[in-house]
Amino acid sequence: MNRTEQVEQVLKNLHRHYPDATCTLDFAAPYQLLVAAILSAQCTDARVNIITKQLFRNYPDVNSLAAAPVSAIEDEIRSCGLFRNKARNISASARLLVAEHNGHLPADRDQLLALPGVGRKIANLILGDCHGIPAIVVDTHCLRISKLIGFTEHTNPLKVEQDLAAILPEPEWISYGHLMVAHGREICIARRPECNICPILPWCQFGSSSAAEAVTGSAGGK
């Protein structure tokens, strides 16, 4: 099996298994995805979605958020880890968007990276889900599963992103990250991957080798 065939089969079967895989952070406007993504560090998406429901009700646009005292934002997100630092970043980013971008999220990675609290992962998420610009989000799910599949040998997120960009069709870059999250939560779970029910088992380097070892071990024990 060559690399092209492997990539095609992995994508085809993940799409078939997770036809509705999308961003798991709730948002109705680009600034809301920015805020939710900042909050998601060391916090579950489920918790973030609970927090932002009220937060966005109280601050329905980036201008109102920029005008809010940091202490008020802290009170809104207190149940989220690292809430003080996140509140500062959210406030500073909102103010910068209003001051330099007329309240709009830029469609440029470097400009996004200039926003407080925004790293490459968040910048790529915004590029893809807000602007439709092909970008690969390398989070913990994507990094771990891509390595298991055999798409990369690296653990550095930027190098993983570069490896993936070299083999994935560009139209799949945005959806790939969402597929990785869905797969990492449902089947390829970090502590106990369920390879026996995995839809991409035949094309996964780790899964297929584990299956082969299991067969060999079983045969040897007879």
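A cavity here is a set of points, on a 1 Å grid over the protein atoms alone, where a 1.4 Å probe fits but cannot get out, and its lining residues have an atom within 4 Å of a point. This is a predicted model, so local features need pLDDT of at least 70 and side-chain atom pairs count only at pLDDT 80 or more, while totals for chains, interfaces and linings use all residues. Residues are numbered from 1 along each chain as its sequence is written, and side-chain values use heavy atoms, with hydrogens and water left out.

On confidence first: pLDDT is the predictor's confidence in each residue, from 0 to 100. The protein chain averages 94, and 94% of its residues reach 70 or more. Residues 215–220 are another story, with pLDDT under 50 throughout and zero contacts (heavy atoms within 4.5 Å) beyond four places in sequence.

Now for the empty space. The structure holds two cavities of 30 Å³ or more, a volume being the space filled by probe spheres set on the grid points, which are joined across faces, edges and corners. The largest comes to about 90 Å³. Its lining runs to 15 residues, and His183, Cys188, Cys195, Cys198 and Cys204 lie nearest its centre. Helices are DSSP runs (H or I, at least four residues) numbered from the N terminus. Both α9 (140–149) and α12 (205–220) supply at least two residues of this lining, with α9 giving the most, at three. By class, twelve of the lining residues are nonpolar, two polar and one charged (nonpolar: Ala, Val, Leu, Ile, Met, Phe, Trp, Tyr, Cys and Pro; charged: Asp, Glu, Lys and Arg; polar: the others, Gly among them).

The second largest cavity has about 40 Å³ of space. Tyr31, Ile38, Val62 and Leu97 are among the residues that line it, and α2 (30–39), α4 (62–67) and α6 (83–101) each give two or more. Nine of the lining residues are nonpolar, one is polar and none is charged.

Tyrosine 31 turns up again in the ring search, which finds two aromatic pairs (Phe, Tyr or Trp rings, six-membered for Trp, with centres within 6.5 Å; planes under 30 degrees apart are stacked, over 60 edge-to-face, the rest tilted). Tyrosine 31 and phenylalanine 56 sit edge-to-face, 5.7 Å centre to centre with 65 degrees between the planes. That pair joins α2 to α3 (residues 45–58), 25 residues apart. Both tyrosine 31 and phenylalanine 56 are buried (under 20% relative accessible area with a 1.4 Å probe, protein chains only; exposed is over 50%, partly exposed in between). Phenylalanine 151 and tyrosine 176 form a tilted pair, at 6.4 Å and 35 degrees. Phenylalanine 151 counts as buried because its relative accessibility is 4%, and tyrosine 176 is buried at 0%.

Technical notes
On a 1 Å grid over the protein atoms alone, a cavity is a set of points where a 1.4 Å probe fits but cannot get out, and a pocket is an open set with protein on both sides within 12 Å along at least five of seven lines; lining residues have an atom within 4 Å of a point.
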